[in-house]
Amino acid sequence: MALIPRERQVHVRLFIGRPDGETWVDVAPWLARVTVERGDVTNVGVGGNDGVVQMLRFDLHNDGTMMPTWRDSLARDASFVVGDAGDVVGDKGDSASKLINLLFGAQHRYERDSFSPHDKNSAWNLDANGEYVPLLWPYREVVLAVALTPKGQQPTVNDWTFLFEGFLGENIGVRQNGSIISVQAKSKAKLLQDTLIETEQEYGSNDEDVSIESVMQAIIDNNLGPGVVSLYCPVPSQAYVRPYVVKDKTVWDALQELAGKVGWFLGDRWDPQTKQHRLTFMEPPIDKNASTADFSFSWTSDFYIQELDHTDRHYRNAIIVEYWDEELGRENTVEVSQELEPGMVRRAAKFGLGKTDLIRTEAEAIRFAKAALHDLSDDTTLSRVTMPLFPQLDTFHGVVISNPRVASEDLFFGVDTVRHTLDFASEKFTTEFVGSGKVVGGREKWRRMQTRPGLHEPTKPEDIGGGGIALPAPKNVNVRSVMGG
C-alpha cells in the first residue's frame with residue numbers, strides 16, 4: 001500500500017511576525033521557492049555553523065510592477081489653463097502620467113509595494129500609523145506551515161504541519177534588480193548562538209547532584225532572561241555537573257559543551273504533544289531497527305530516486321581514549337573494541353583528551369569510548385533518497401526502504417539529514433534525505449577528534465555535541481584499562 005498518495009494538494013503558509021509580537025503577515029502568495037534543512041546529526045558540533053541547527057531559505061517575488069504615483073492630493077484652480085490649442089503634450093508612446101504631470105504641475109515617481117526592507121514607501125514596511133517598520137528584518141519571527149489534502153479539499157486545523165519556526169537575520173538580499181527578495185533564517189537556536197556570556201558564571205556542585213539539564217536552563221535564564229527559552233528534556237539525563245565555569249563564549253557553545261559530556265543531542269525539534277518546536281535535550285534513539293522503524297517506503301510509489309553507497313571511510317573497530325584521571329592524579333588509558341569479523345583487520349581510533357574538566361574518571365572515559373565505537377563500528381551503507389514532499393520526516397527517524405532495483409532485501413536506515421523543498425515555478429515539492437545503516441548520534445565529529453600524527457591537537461569533547469556516551473555497550477565489545485604514566 002502506498003504511503004504517499006499520487007493525487008494530493010499542497011497548501012503553504014509562511015508567516016512573518018511584526019515587532020509588536022501579535023501581528024502576523026502571510027507572504028505565501030508571493031513565494032517563488034522555499035527550502036527547509038533539518039540539520040545534519042552526523043556532523044554535530046558547536047559554533048555559528050553548527051550542523052544540527054535548522055535553516056530556512058526562501059525567495060519572494062516582489063509585489064507587483066513599478067507604477068507611477070503622485071502625492072496623496074493633486075489640485076488646480078478650475079480656471080487654470082495648460083498651454084493653448086497648438087501645444088503638443090506628447091506622442092502616442094507617452095503614458096498618461098506625462099499629461100497628469102502637466103495638468104497638476106507635479107512630477108510622478110515610480111513605486112510598488114516592495115518586500116525590500118529599504119523601501120520606506122512600501123505598504124509592507126509601514127505600520128498602522130504609517131511609520132517605517134520593515135517587515136523583513138533581523139529577529140522577526142518566521143513560521144512555515146504546510147498541509148497536504150486530496151485535490152480540491154481545504155485543510156483543517158489538524159492537517160497543518162509546522163516545518164520551521166525561527167528568526168530572520170542570517171541574510172536578507174535584494175536580487176535580480178529588485179524582482180526577487182532572498183531570505184535566510186535560523187531556528188530558535190539563533191538566540192542562543194547570538195548571545196555572548198560576558199561575565200564569569202559558575203554552575204554545578206561537588207556536594208550535591210546538579211543535573212546537566214538544570215545547569216543548561218540556568219545558563220539560558222541568566223543570559224537571555226527567565227522564560228525566554230525553555231529547555232525540553234523528555235527523559236532525565238541522570239548526569240550531573242561538578243563546578244563548571246563559563247565566560248566569553250556563546251550560550252549555544254556552553255550548552256553544547258554540556259551536551260557533549262553525555263553525548264546527547266541538543267537542538268530544536270518538533271514536539272507532537274505541545275505541537276511546537278522546542279529546544280530539546282535528548283538521547284539519540286540508537287536502538288531503532290526495522291521492527292521499530294517510523295516509516296516504510298516502497299519503490300513502486302513512495303520515492304523518485306534512491307542512490308546507495310557503501311563505505312568503510314568511518315569504520316573503526318577499536319577505540320583508545322587517553323585522559324587525565326583525577327582519582328589517580330595522572331594520565332590513564334582505556335580501550336574498547338569489537339571482535340573482528342572474518343576478513344576484517346583491526347582499525348583503531350585514538351582520542352587524546354588531555355586535562356579536560358569533563359572526562360575525568362575511568363567510567364566517563366569508557367562511556368565516551370563506547371559512544372564512539374557505536375557510531376564507527378559498522379561499515380556504513382549510505383542512501384540518498386528523493387521523494388514527494390513528506391513533511392513528517394525528520395532526523396533520527398528510522399525508515400525501511402523496499403527497492404529491488406538496488407537491494408534484494410528491504411533495508412533499514414537511520415535518517416541523518418533532511419531537506420524539504422517547495423519550488424512554485426516548477427510546481428515540484430520534494431523531500432530529500434540521507435540515511436545510514438543505523439541511527440547514530442554523531443559520526444563525522446569522531447573523525448575530526450581523532451589523534452593523528454602530524455595534525456593539530458584534536459578537538460576536545462567539550463567542543464562538540466552529539467554522540468551517545470550513556471549508551472548500552474555494542475555487542476561483542478571488549479573493555480580494558482591501561483595505566484598510564
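These are my notebook entries on a predicted model of a single chain.

**Entry 1. The chain overall**

I began with the secondary structure and found six helices and 26 strands in the chain. I then looked up burial: of the 485 residues in the chain, 49% are buried. For the contacts between residues at least 6 apart in sequence, I noted that 71% join residues at least 24 apart. The exposed surface of the chain comes to about 24,000 Å², and carbon and sulfur atoms supply 48% of that area.

**Entry 2. Strand β24 and its partners**

I next turned to strand β24, residues 411-423, and asked how many of its 13 residues are buried. The count is 10, so I recorded the strand as mostly covered.

I looked up the pairing of β24 strand by strand. With strand β3 (residues 31-40), β24 pairs in the antiparallel sense over six bridges. In this pairing I located Glu37 opposite Arg419 of β24. Strand β23 (residues 398-402) also runs antiparallel to β24, and four bridges join the two. Here Val400 stands opposite Phe412 of β24. Strand β25 (residues 428-436) pairs with β24 over nine bridges, again in the antiparallel sense. Leu422 faces Phe429 of β25 in that pairing.

β24 and β25 form a hairpin with four residues between the strands, and I noted that Glu427 in this hairpin takes a positive phi near 60 degrees.

**Entry 3. Other positive phi values**

I kept in mind that most residues other than glycine have a negative phi. Gln238 departs from this with a positive phi near 55 degrees. I placed Gln238 in the loop between β12 (231-232) and β13 (244-246), and its relative accessible area of 66% makes it exposed. Lys275 also has a positive phi, near 55 degrees. Lys275 sits in the loop between β15 (265-271) and β16 (276-282), and I recorded it as exposed, with a relative accessible area of 56%.

**Entry 4. Aromatic pairs**

I searched the whole structure for aromatic pairs and obtained 12. One of them is Phe297 with Phe433, a tilted pair at 6.3 Å centre to centre with 40 degrees between the planes. Phe297 belongs to strand β17 (residues 295-298) and Phe433 to strand β25, so this pair ties together parts 136 residues apart in sequence. Phe297 is buried at a relative accessible area of 2%, and Phe433 likewise counts as buried at 2%.

I then examined Phe351 and Phe368, an edge-to-face pair with 5.8 Å between centres and 85 degrees between the planes. Phe351 lies in strand β21 (residues 348-354) and Phe368 in helix α5 (residues 362-376), so the pair ties together parts 17 residues apart in sequence. Phe351 is buried, with a relative accessible area of 0%, and Phe368 is buried at 1%.

I closed this search with a cluster: Phe295, Phe297, Phe390 and Phe433 form one aromatic cluster.

**Entry 5. Arg140**

Last, I looked up Arg140, which is in the loop between β6 (109-113) and β7 (141-149). Which side chain of opposite charge is nearest to Arg140? I found Asp20, at 8.9 Å. A salt bridge requires the charged atoms to be within 4 Å, and Arg140, although buried, has none. Leaving out residues up to four places away in sequence, I listed the contacts of Arg140, among them Ile16, Gly17, Pro19, Val133, Gly166 and Phe167.

Notes: Residues numbered from 1 in each chain as written. Predicted model: local features only at pLDDT ≥ 70, side-chain atom pairs only at ≥ 80, totals over all residues. Heavy atoms only, no water. Buried < 20%, exposed > 50% of the residue type's maximum accessible area, 1.4 Å probe, protein only. Lys, Arg positive; Asp, Glu negative; His and termini not counted. Contact = heavy atoms within 4.5 Å. Areas by Shrake-Rupley, 256 points an atom, 1.4 Å probe, with all protein chains shown as cover. Pairing = 2+ DSSP bridges. Phe/Tyr/Trp six-rings, centres within 6.5 Å; stacked < 30°, edge-to-face > 60°.
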